[in-house]
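I have a structure open and a fresh notebook page. Here is what I looked up, in the order I got to it.

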Amino acid sequence: MNSKKQVLISQLIQGGWLKTNRVIETFKQIPRENFVLDSHKNYAYADEPLHILGGQTISAPSMVAVMTELLKPKATDIVLEVGAGSGYQAAILSRLVKKIYTIELDHNLAEFAERNLKKTGIKNVEIIIGDGSKGYAKHAPYDKIIMTCATQSFPEPLIEQLKINGIILGPLGAEWHQILTLGIKKKSGLQKKEYMACVFVPLRH
Ligand code: SAH
């Protein structure tokens, strides 16, 4: 492991962002430099979001750590992601769950994510081009759903496509200020819990 990566991972553990051994091991294994633009490779192990293409961003490692931990990934999980972006969040999850379907609205980003995942040797992530707010009914219901773009509330089709007791996680709120929110689907409805303030790019249509 290179030293910048080692320092970052120790910081994420000390800061309480990374908690469980499986997730820590995965952070060590997946090269974030494969998911950033060539011009940003020197910053791959800074705890910062970085621009990718089309004004979008790869989330900061601490945010990917928090979201991954909150999803409580299991080896049998089938996961839906909304917003493939660079493919990094999906790459992290790929080592922790069975299969990920990730929807990306932007063709160029879908290709970028595809290339990044391929060069990292990841085979259990499928990228779908489309509007993720409609979900992906083909493989529903999902054990977990992760949104990496912001909306006012969880889109109804996503809640429908979640298993009972399944987890949906995403940034909810206004354009420049959201709260990372986790929902557990119960027969009676969604039980929501708010975690922390965050800023994600907005979900577009
Ligand atoms: N998970 C990504 C970060 C994604 S940034 C990573 O690890 O790098 C948010 C992404 O959501 C952007 O790529 C943006 O194009 C995408 N997006 C925005 N609206 C969308 C929609 N309706 N459906 C699918 N993707 C969308």
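My entries below start with the ligand and then move along to a few backbone spots.

**Entry: the model.** I note before anything else that this is a predicted model.

**Entry: around the ligand.** I checked where the ligand is, and it sits in the largest pocket. How many residues surround the ligand? I got 24, and the closest are S86, E104, D131, G132 and R204. I sorted the shell by residue type and found 10 nonpolar, 10 polar and four charged residues. Then I asked which elements supply at least two residues of the shell each; they include β2 (57-58), α4 (88-94) and β4 (99-104).

**Entry: polar atoms by the ligand.** Next I looked up some distances. S86 has a polar side-chain atom 2.6 Å from an oxygen atom of the ligand. With Q89 the backbone does the job: one of its polar backbone atoms is 3.0 Å from a ligand oxygen. For D131 I found a polar side-chain atom 2.8 Å from a nitrogen atom of the ligand. How much of the ligand does the protein bury? Taken alone the ligand exposes 580 Å², and 99% of that is buried by the protein.

**Entry: Y88.** I stayed with helix α4, since Y88 is in it. Is Y88 buried or exposed? Its relative accessibility is 3%, and buried means under 20%, so Y88 counts as buried. I also looked at R32, which is 56 residues from Y88 along the chain. The C-alpha atoms of the two are separated by 6.9 Å.

**Entry: helix α3.** I went through residues 61-70 one by one, and 10 of the 10 are buried, so helix α3 is largely enclosed by the rest of the structure. Among the buried ones I jotted down P61, M63, E69 and L70.

**Entry: K72.** Just after α3 comes K72, with a positive phi of about 45 degrees. I underlined that K72 is not a glycine. K72 lies in the loop between α3 and β3 (78-82). Its relative accessibility is 58%, and the cut-off for exposed is over 50%, so I wrote it down as exposed.

**Entry: N165.** Here is another residue that has a positive phi although it is not a glycine: N165, at about 70 degrees. Where is N165 found? I traced N165 to strand β7 (residues 162-174). With a relative accessible area of 47%, N165 is partly exposed.

**Entry: a cis bond.** Last, I checked the peptide bond from A140 to P141, which is cis, with omega near 0 degrees. P141 is in the loop between β5 (125-129) and β6 (142-147).

Methods. Residues numbered from 1 in each chain as written. Predicted model: local features only at pLDDT ≥ 70, side-chain atom pairs only at ≥ 80, totals over all residues. Heavy atoms only, no water. Near = heavy atom within 4 Å. Polar contact = N/O pair within 3.5 Å; in protein donor to acceptor, adjacent residues only side chain to side chain. Areas by Shrake-Rupley, 256 points an atom, 1.4 Å probe, with all protein chains shown as cover. 1 Å grid on protein atoms, 1.4 Å probe; cavity = no way out; pocket = protein on both sides within 12 Å on 5 of 7 lines; lining within 4 Å. Sits in = over half its atoms within 2 Å of the grid points. Helix = DSSP H or I, 4+ residues; strand = E, 2+ residues; numbered from the N terminus. Nonpolar A, V, L, I, M, F, W, Y, C, P; charged D, E, K, R; others polar. Buried < 20%, exposed > 50% of the residue type's maximum accessible area, 1.4 Å probe, protein only.
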